[in-house]
Amino acid sequence: MPQSRDSGQTAAPAAGDTTRERILSAAMEEFARHGIAGARVDRIAKLARTSKERVYAYFRSKDALYADVAAREYVVIAEATQMDPCDLPGYAGRLFDYFVARPDHHRLIAWGRLELPGTTVVADDPAQAVIARKIDQLRQVQQAGQLDPAWDPADVLALVNQIAMTWASQPELSEAAAAHAVDPTTAARRAAVVTAVEQLFPRAR
């Protein structure tokens, strides 16, 4: 996950700090809609029912606020989709479902990749921890003979994620498919995703 150009953040909040939670929720909406450069801290503050100064009391910069929001989202995605390394087609289907239901969440992540490329990854980055865990899971099933060991597990994860998010990342093709595909339904797009992953990485028998 792209990291903030200003990785410094304030101290951890006290338990039950609803103001901080409101700020994060408002920032999620603002960043998803406007990107990082286009987001306005004053709009975030207004939506969170607090002051701009209060936002900066929690987060040293807009980039730091985005980094926190995006890091939380990666953890939420991982928990909601639960990769089973023995059933990668099923995992791809869950990713597809997640972003169909939450296109704004995909935009949130996409903005970071576009606007914060190549930034330094910090040691405790939750997104990197999630990725490392998934790669390790894939390596273990390869060693157990349940996944083709000819593939680098990092490549497996990248390809499955990309296939699963094909339609979320190309909304213009989704519109074209709705108008021109033999079967224009979302279910058909999902089936294509699952079948493509099954062809590359069959479910363990």
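How much space lies in the second largest pocket? Keep that in mind while going through the views of this predicted model.

**View 1. The whole chain is built from helices, with zero strands.** The protein chain runs to 205 residues, and 41% of them are buried. Along the sequence it reads α-α-α-α-α-α-α-α-α-α-α, which adds up to 11 helices. Among contacts with a separation of 6 or more, 69% link residues 24 or more positions apart. As for the outside, the accessible surface is about 10,800 Å², and carbon and sulfur atoms hold 53% of it.

**View 2. Here is the largest pocket, with a volume of about 460 Å³.** Its lining takes in 21 residues, and the ones nearest the centre are Tyr-74, Arg-113, Ile-131, Asn-161 and Met-165. Two or more lining residues come from each of α4 (62-81), α5 (88-101), α6 (103-115), α7 (126-143) and α8 (153-164). Sort the lining by class and you get 15 nonpolar, four polar and two charged residues.

**View 3. Now for the second largest pocket and the opening question: about 320 Å³ of space lies in there.** Val-100, Trp-167, Ala-168, Pro-171 and Ser-174 sit closest to the centre of this second largest pocket, out of 19 lining residues. At least two lining residues each are supplied by α5, α6, α9 (166-169), α10 (171-180) and α11 (186-200). By class, the lining of this second largest pocket splits into 13 nonpolar, four polar and two charged residues.

How values were computed
Residues are numbered from 1 along each chain as its sequence is written. This is a predicted model: local features need pLDDT of at least 70, side-chain atom pairs count only at pLDDT 80 or more; totals for chains, interfaces and linings use all residues. Side-chain values use heavy atoms; hydrogens and water are left out. On a 1 Å grid over the protein atoms alone, a cavity is a set of points where a 1.4 Å probe fits but cannot get out, and a pocket is an open set with protein on both sides within 12 Å along at least five of seven lines; lining residues have an atom within 4 Å of a point. Grid points are joined across faces, edges and corners, and a volume is the space filled by probe spheres set on the points. Helices (H or I, at least four residues) and strands (E, at least two) are DSSP runs, numbered from the N terminus. Ala, Val, Leu, Ile, Met, Phe, Trp, Tyr, Cys and Pro count as nonpolar, Asp, Glu, Lys and Arg as charged, and the others, Gly among them, as polar. Buried means under 20% relative accessible area, exposed over 50%, partly exposed in between (1.4 Å probe, protein chains only). Contact means heavy atoms within 4.5 Å. Accessible areas come from the Shrake-Rupley method with a 1.4 Å probe; for residues, only the protein chains shown count as cover.
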